[in-house]
Amino acid sequence: MNYKIAVLAGDGIGPEVMDEAIKVLKTLESKSDISFSFEEGLVGGSAWQVTKSHLPKETIKICENSQAILFGSVGGPIEEADHPKWSGCEINSILALRKHFNFFINIRPLKLFKSLNDHCILKESLIRKGFDILCLRELSEGIYFGKKETKEIDGQRVAFDQMFYTEGTIEKIAHRAFEIARTRKKKVTSVDKANVLECGKLWREVVTRVSKEYPECTLEHLLVDNASMQLILRPSEFDVLLCPNMFGDILSDEVSVFTGSLGMLASASINKEGFGLYEPPGGSAYDLAGLNVANPIGQILSAALMLKISFGLDKEHDRIVNAVEEVLSIQYRTGDIYTSTSSCKEVSTEEMGDAICKLLK
C-alpha cells in the first residue's frame, strides 16, 4: 500500500534532520510491502526567500492532497528576528497550518530511554523505574485564541488576554485521552486551575463526566502548579497527561528536559478527521544549520508517530523506536547527548541516521 506524505523541511536544521527521517522511511519501504510518496513543499523563511510568503498556496495544496504532513522546523537567527524573512515566521507558517487544518490536539510522547538515564537532570532514585508519559494538549481554544487587547486606562497601558473553553471542545479531547489510556496503563491525569478559573472549573466538570464512560480507567485531577511539582517528584507514576492549551505547552516543555535533550522528542497535531502534522518540537536551531551535528532522532520518531497514528502501522512504528533504542544502547550520540566522561561515540546527524537504518535492515 502506498502512503502520500507532504514533506515540509523548513529552516535551520530542518532539512538535515528531515533527510534522515526520509532515509529511515525508505529503509522500511525496502523491507516491506508498503511504499511512500513524498512531495516537498516550501515553508517558513525558505518559502519567503522564493515566494515572499511563509506559507505559499502551493504548499497548502500539497498538504491537502496528502495523507499526512511531516514537518521540520521554521524560524531564523534571533538577531534577524525583525527582518521580513523571519518576522512572524512561526505565526504565518506552523500556526497557520494548525488553524487551516483545524488541529485540535497535540500529542507529545515524553519517554526516557534507559541508556540516557545519565542525561536526565533528576536524581537516579526518581527515575529508577523510568517514565513514559503521553502529553495531550488541547490546541484550538484557551488563552492563545481568545480576544487580545492593549489599551490605555488612567494614563497607563493595560493588556487583556481572554481565556475561553467550550464544553464540546473539552469533551472531544477528554474522550481521546481516555481512549488512548485504555491502550496504555489506563490512567489519565487531568490538569486545570479549578480553584480560581472558571475555565478550570468547566474543564474539571466535563472531564469528570466523560471519565464515567471509561470505568476501566483511573482519573486523577491536579492543579497546574501542583502538577508541575509532581511531574518532578514522581514522573514514573504518570501515564496520559491531559492539559488545556497553555498548561500543556508549559508542562510538556518541563518534562522534555528530563528526556536528555529536546532533540529526542516527537509530536503530532491531529484534527477530528485523523489528519495529522508530525514535527519535532526542538526548533530550527539555526546556529547548528549546515554543520551536520544536529540530533535527527526527534524527526525520526515524529515519522514513526505518523506511521502509527495516521497510517495504523503499529509494527513499523515499533521497529523504528526499537532501532533508536538499540542505537542509543550501543552508545552512539550526537553532540546534544554526548558526554566525554563515558564510553560514548560522538556521531554526526548523517551517521546517526545511517546507524538507525542499519539496524532496521
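User: Let's start with a lysine. Which loop is K186 found in?

Analyst: Keep in mind that this is a predicted model. Going along the chain, helix α6 covers 167-181 and strand β8 covers 187-192. K186 is found in the loop between α6 and β8.

User: What is the phi of K186 near?

Analyst: Most residues other than glycine have a negative phi. K186 is a residue other than glycine, yet its phi is positive. The value for K186 is near 65 degrees.

User: And is K186 buried, partly exposed or exposed?

Analyst: Buried would need under 20% relative accessible area, and exposed would need over 50%. K186 has 35% relative accessibility, so it counts as partly exposed.

User: Where is N292, and what is its phi near?

Analyst: N292 has its place in the loop between β12 (276-279) and α10. With a relative accessible area of 28%, N292 is partly exposed. Its phi is a positive value in a residue other than glycine, near 60 degrees.

User: On to the helices. At about what angle do α1 and α10 pack?

Analyst: Helix α1 takes in residues 14-30, and its axis is 8 Å apart from that of α10. The angle between them is about 45 degrees. That makes α1 oblique to α10, because the angle is neither under 35 degrees nor in the 65 to 115 range. As for handedness, the crossing of α1 and α10 is right-handed. So the angle asked for is about 45 degrees.

User: Which residues of α10 meet α1, and how does that contact divide by class?

Analyst: From α1 come V17, M18, E20, A21, V24, L25 and L28. On the α10 side they meet Q299, I300, A303, M306 and L307. By class, the residues of this contact come to 10 nonpolar, 1 polar and 1 charged.

User: How far apart are the axes of α11 and α12?

Analyst: Helix α11 runs over residues 314-329 and α12 over 349-360, and they pack at an angle of about 120 degrees. That makes α11 oblique to α12. The crossing of α11 and α12 is right-handed. Their axes are 9 Å apart.

User: How many charged residues does the contact of α11 with α12 have?

Analyst: R319, I320, A323, V324, E326 and V327 in α11 meet M352, A355, I356, L359 and L360 in α12. By class, 9 of the contact residues are nonpolar and no polar ones appear. Arg and Glu count as charged, and the number of charged residues in this contact is 2.

User: Now for a serine. Which side chain does S310 join in a polar contact?

Analyst: S310 is found in the loop between α10 (297-309) and α11, and at 22% relative accessibility it counts as partly exposed. Not counting residues up to four places away in sequence, S310 touches Q67, A68, G274, G276, Y278 and L305. One of these shares a polar contact of 2.6 Å with S310, side chain to side chain: Y278.

User: How far apart in space are S310 and L277?

Analyst: In sequence, S310 and L277 are 33 residues apart. In space, C-alpha to C-alpha, the distance is 9.3 Å.

User: Last one: which backbone nitrogen does the side chain of S261 reach?

Analyst: S261 lies in the loop between α9 (245-256) and β11 (267-270). At 12% relative accessibility, S261 counts as buried. Leaving aside neighbours within four places in sequence, S261 is in contact with S256, D336 and I337. The side chain of S261 reaches, at 3.0 Å, the backbone nitrogen of G263.

Definitions and conventions. Residues numbered from 1 in each chain as written. Predicted model: local features only at pLDDT ≥ 70, side-chain atom pairs only at ≥ 80, totals over all residues. Heavy atoms only, no water. Axes fitted to C-alpha atoms, helices over the stretch in contact; angles between N-to-C directions. Helix = DSSP H or I, 4+ residues; strand = E, 2+ residues; numbered from the N terminus. Parallel < 35°, antiparallel > 145°, perpendicular 65-115°, else oblique. Left-handed = near helix turned anticlockwise from the far one by under 90°. Contact = heavy atoms within 4.5 Å. Buried < 20%, exposed > 50% of the residue type's maximum accessible area, 1.4 Å probe, protein only. Polar contact = N/O pair within 3.5 Å; in protein donor to acceptor, adjacent residues only side chain to side chain.
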